[in-house]
Amino acid sequence: GEDIREELKRRKGSRPSPGTIYPVLKALSESGFIGEIKSSGKAKKYRLTKKGQKELKIATGKFCEIFYDMKDEFQRRC
């Protein structure tokens, strides 16, 4: 969770609160999209499960279908 918070701060300029990140991680874990891997200390590390990889591929495809079409439209108008 902390790594995600730091990456979002780097990319967007603001760091979300733990109350934003950790419930999402819990929901993803309970849904079987991510799984905890062995880690040392207090920090937990996660990885995508096969189910998560499949869902990511589907979601990426949908995203590209939607926004690729918009990209073409923007290029025609600009």
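**Close-up 1. Salt bridges in the predicted model.** The structure, a predicted model, holds 7 salt bridges. One of them joins the side chains of Asp 3 and Lys 45, with an N to O distance of 2.9 Å. This pair ties together distant parts of the chain. Asp 3 sits in helix α1, Lys 45 in strand β2, and 42 residues separate them. Side chains of opposite charge can pair when their charged atoms come close.

**Close-up 2. The largest pocket.** Its volume is about 310 Å³. The Asp 3 and Lys 45 of the salt bridge are both among the lining residues. From the start of the chain, the lining takes in Gly 1, Glu 2, Asp 3 and Ile 4. Tyr 22 and Leu 25 also line this pocket. The rest of the lining is Lys 42, Ala 43, Lys 44, Lys 45 and Tyr 46. Three elements each supply at least two lining residues: α1 (2-12), α2 (18-30) and β2 (45-48). The largest share, 3 residues, comes from α1. By class, the lining divides into 5 nonpolar, 1 polar and 5 charged residues.

**Close-up 3. The second largest pocket.** This pocket has a volume of about 270 Å³. Ile 21, Val 24, Leu 25 and Leu 28 belong to its lining, and α2 gives the largest share, 4 residues. Phe 33, Ile 34, Tyr 46 and Leu 48 also line the pocket. So do Ile 4, Gly 52, Glu 55 and Leu 56. At least two lining residues come from each of α2, β2 and α3. The lining of the second largest pocket divides into 10 nonpolar, 1 polar and 1 charged. Ile 4, Leu 25 and Tyr 46 appear in this lining and also in that of the largest pocket.

**Close-up 4. A nonpolar surface patch.** Phe 63, Ile 66 and Phe 67 make a nonpolar patch on the surface. The patch covers about 310 Å². Ile 66 lies in helix α3, which spans residues 50-77.

**Close-up 5. Confidence along the chain.** The protein chain averages a pLDDT of 86. Of its residues, 88% score at least 70. Confidence is highest in α2, at a mean of 94. This helix also supplies the largest share of the lining of the second largest pocket. Confidence is lowest in α3, at a mean of 80. Helix α3 is where Ile 66 of the nonpolar patch is placed.

Note on methods:
Residues numbered from 1 in each chain as written. Heavy atoms only, no water. Patch = residues over 30% accessible without salt bridge, like charges linked within 9 Å, V, L, I, M, F, W, Y side chains within 5 Å. Areas by Shrake-Rupley, 256 points an atom, 1.4 Å probe, with all protein chains shown as cover. Salt bridge = Lys/Arg side-chain N within 4 Å of Asp/Glu carboxyl O. 1 Å grid on protein atoms, 1.4 Å probe; cavity = no way out; pocket = protein on both sides within 12 Å on 5 of 7 lines; lining within 4 Å. Points joined across faces, edges and corners; volume = space filled by probe spheres on them. Nonpolar A, V, L, I, M, F, W, Y, C, P; charged D, E, K, R; others polar. pLDDT = per-residue confidence, 0-100.
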